[in-house]
Structures are given as C-alpha cells and as structure tokens.
Amino acid sequence: MDIAEVAKQSGVPASTLRFYEEKGLIHSVGRQGLRRVFNANILERLALIALGRAAGFSLDEIASIIGQERSPDIDRDRLVSKADELDKTIQDLIVMRDGLRHVADCSAPGHMECPKFRRLLRLAARGVISSEGSGKLPQNRRLQSGRLRTNR
C-alpha cells in the first residue's frame with residue numbers, strides 16, 4: 001500500500017506518516033517511484049499509535065511500548081501505570097470541576113467572599129494548582145475531596 005493510500009484509509013496525513021517513520025514508529029517496506037510503500041498491517045499499527053496518543057502516551061513511550069515487531073508485545077505494567085496516572089488526573093479534575101460549580105452557584109454576595117473560591121485562590125497562588133502540563137496538578141501535591149494532600 002503506498003503512502004497516499006495509507007493516508008487516505010487511516011486519515012493520518014502523509015507528513016505525519018513520514019514523521020512517524022523518522023521516529024521509528026512505523027517502517028516502509030520499499031518505494032514505488034518516489035512514494036513509500038507499507039505492509040497491510042500499517043493500519044493496525046497506526047491504530048495502536050492513535051490509541052496510545054489518546055491514552056496520553058508520548059510518541060517515544062509508544063515507540064518503546066509497541067516496539068519494532070509486527071505483533072507488538074505491549075508491556076502490561078506500563079499500561080497499569082498509565083491507567084493509575086489517568087485515575088489521579090481524573091480525581092484532580094473532578095475536584096476542580098466541583099469547586100468551579102460550587103463557586104458558580106455560591107450564595108456569597110461575590111466570588112471573593114466565597115470561602116471555597118478563596119481556598120482555590122490560595123492554592124493557585126502557592127502553585128498547588130497549575131495549568132502547566134495539561135491542567136494537571138503537580139505530582140507531589142494533589143487535591144483530594146477539596147483539601148490539599150501532599151504525596152511525600
């Protein structure tokens with residue numbers, strides 16, 4: 001299958017396919033003129049890459065997880081570790097969502113008079129709440145049930 005057909009069937013632009021090949025995520029088996037040619041299993045491999053990206057893995061992590069083989073032997077411990085990381089992120093986001101909803105519905109005359117909003121402001125000022133890294137909280141500081149918990 002040439003690169004144009006792979007791009008068409010997968011929805012992955014040819015430029016991304018070339019980038020993935022440079023990163024070692026995929027491999028062409030030859031050329032037809034100037035066009036790269038791939039095995040039929042390329043679509044499955046691209047689906048694995050897409051799933052890894054959706055789960056939050058970096059391209060380097062995906063490359064090490066799926067390896068170079070036709071049939072990848074995915075490291076289950078790494079999957080469990082990523083699932084645990086996602087659980088922590090979900091919990092942090094739930095706390096933030098609940099805090100924002102509380103502040104939006106708070107009966108205080110103004111947001112600055114809302115104790116929960118003031119607590120969120122203090123946490124943000126101390127760097128406990130951060131927008132860096134996809135809105136995640138720093139690893140050593142987590143919010144749990146609206147309260148600061150330090151993982152040390």
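This is a short dialogue on reading a predicted model of one protein chain.

Biologist: Which pattern does the protein chain follow when it is read along the sequence?

Modeller: The predicted model has six helices and four strands, and along the sequence they follow the pattern α-α-β-β-α-α-α-α-β-β.

Biologist: Which helices supply residues to the largest nonpolar core?

Modeller: That core has 18 residues, and Leu17, Tyr20, Leu25, Ile26, Leu46, Ile49 and Ile62 are those that touch the most other members. At least two residues each come from α1, α2, α3 and α4, with α4 giving the largest share, five residues.

Biologist: How many salt bridges are there, and what do they join?

Modeller: Side chains of opposite charge can pair when their charged atoms come close. The count here is five salt bridges, and one of them joins aspartate 60 to lysine 23, with the closest N and O atoms 2.9 Å apart. Because aspartate 60 lies in helix α4 and lysine 23 in helix α2, this pair ties together parts that are 37 residues apart in sequence.

Biologist: Where do glutamate 85 and lysine 82 lie?

Modeller: Both are in helix α5, three residues apart, so about one helical turn separates them, and their side chains meet in a salt bridge of 3.3 Å, N to O.

Biologist: Is lysine 82 buried or exposed?

Modeller: Buried means under 20% relative accessible area, and therefore lysine 82, at 8%, counts as buried, whereas glutamate 85, at 27%, is partly exposed.

Biologist: Which residues gather in a patch of positive charge on the surface?

Modeller: The patch brings together Arg118, Arg119, Arg122 and Arg126; of these, arginine 118 lies in helix α6 and is partly exposed, with a relative accessible area of 36%.

Conventions: Residues are numbered from 1 along each chain as its sequence is written. This is a predicted model: local features need pLDDT of at least 70, side-chain atom pairs count only at pLDDT 80 or more; totals for chains, interfaces and linings use all residues. Side-chain values use heavy atoms; hydrogens and water are left out. Patches are made of residues with over 30% relative accessible area and no salt bridge: like charges are joined within 9 Å, nonpolar side chains (Val, Leu, Ile, Met, Phe, Trp, Tyr) within 5 Å. Accessible areas come from the Shrake-Rupley method with a 1.4 Å probe; for residues, only the protein chains shown count as cover. A salt bridge is a side-chain nitrogen of Lys or Arg within 4 Å of a carboxyl oxygen of Asp or Glu. Lys and Arg count as positive and Asp and Glu as negative; His and the chain ends are not counted. The place of a charge is taken as NZ of Lys, CZ of Arg, CG of Asp or CD of Glu. Buried means under 20% relative accessible area, exposed over 50%, partly exposed in between (1.4 Å probe, protein chains only). A nonpolar core is a set of buried Ala, Val, Leu, Ile, Met, Phe, Trp, Tyr and Cys residues joined through side-chain atoms within 4.5 Å.
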